[in-house]
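Biologist: Please take a close look at the barrel in this model, and at what lies inside and around it. A connected account would suit me better than a list.

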Amino acid sequence: MSSSISLNPVGFIRTGFSEVRQCPKSSRRNPDQCQLEISSPYADALLNITMASHLWVLYWLHHSDGTALIRRPRGDEAARGVFASRSPNRPNPIGLSAVELIRRDGNVLMVSGMDCVDGTPILDLKPYVPIEDHQPTAQIAWQP
């Protein structure tokens, strides 16, 4: 069995953020609209995408060097492994954001809620399905 994985972008994210330091700390902290530009060969895959009000966007954090294993947050938070954090610097720098779909213009989706630099490659889109994706008992220790 091969351990090699090959991924090709299906499009690119247009946010207006040219540097990582400009990006919001999380997608929920960015109400601004941005564009998901889907490449022409994948345009048919957008059929009926507007049936979903929200989407999961999986993307490649191409500015990550992939070397971090421990995240040391600022302040009083305890250090955590990157698998216990949302740090963009991780062994496989895959980003995940739930975004609101505002509208579709051909192969361009206007969304709100992205937190990455302009030109970030999109790996996949999936509809956010509230009855399946919502976890009412979910908790995380570093938030009240």
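Modeller: What follows goes from the strands to the core, then to an aromatic pair and two arginines.

The model is predicted. Its six strands form a closed barrel, in the order β1-β2-β7-β6-β3-β8, and the pairing is antiparallel. From one strand to the next, the twist averages 45 degrees. In general, strands of a sheet are held to each other through backbone hydrogen bonds, in a parallel or an antiparallel arrangement. One of the pairings joins strand β1, residues 11-14, to β8 in the antiparallel sense, over three bridges. Within that pairing, Phe 12 stands opposite Pro 121 of β8.

Next comes the core. The largest nonpolar core has 20 residues, and those touching the most other members are Ile 13, Val 57, Leu 109, Met 114 and Leu 125. Two or more residues of this core come from each of β2 (33-38), β3 (54-60), β6 (94-105), β7 (108-112) and β8 (120-127). Leu 109 can serve as an example. Leaving out residues up to four places away in sequence, Leu 109 touches, among others, Cys 34, Leu 36, Leu 46, Ile 49, Leu 55, Leu 101 and Leu 125. The contacts of Leu 109 also include Gln 35, Arg 103 and Arg 104.

The aromatic rings give one pair. This pair consists of Trp 56 and Tyr 128, with 5.3 Å centre to centre and 40 degrees between the planes, and is classed as tilted. Trp 56 belongs to strand β3 and Tyr 128 to the loop between β8 and α1 (130-133), so the pair ties together parts 72 residues apart in sequence. Trp 56 is partly exposed at 22% relative accessibility, and Tyr 128 is also partly exposed, at 24%.

Two arginines remain. Arg 80 sits in strand β5, residues 80-81, and is buried, because its relative accessible area of 14% is under the 20% cut-off. A polar atom of the Arg 80 side chain lies 3.0 Å from the backbone oxygen of Ala 84. Beyond four places in sequence, Arg 80 touches Leu 69, Ile 70, Arg 71, Pro 73, Ser 85 and Trp 142.

Arg 90 is in the loop between β5 and β6 and is buried too, with a relative accessible area of 12%. The side chain of Arg 90 reaches the backbone oxygen of Val 82 at 2.7 Å. With residues up to four places away in sequence set aside, Arg 90 touches Ser 64, Gly 66, Ala 68, Val 82, Phe 83 and Ser 85. Ser 85 thus appears among the contacts of both Arg 80 and Arg 90.

Methods: Residues numbered from 1 in each chain as written. Predicted model: local features only at pLDDT ≥ 70, side-chain atom pairs only at ≥ 80, totals over all residues. Heavy atoms only, no water. Helix = DSSP H or I, 4+ residues; strand = E, 2+ residues; numbered from the N terminus. Buried < 20%, exposed > 50% of the residue type's maximum accessible area, 1.4 Å probe, protein only. Polar contact = N/O pair within 3.5 Å; in protein donor to acceptor, adjacent residues only side chain to side chain. Contact = heavy atoms within 4.5 Å. Core = buried A, V, L, I, M, F, W, Y, C linked by side-chain atoms within 4.5 Å. Pairing = 2+ DSSP bridges. Axes fitted to C-alpha atoms, helices over the stretch in contact; angles between N-to-C directions. Phe/Tyr/Trp six-rings, centres within 6.5 Å; stacked < 30°, edge-to-face > 60°.
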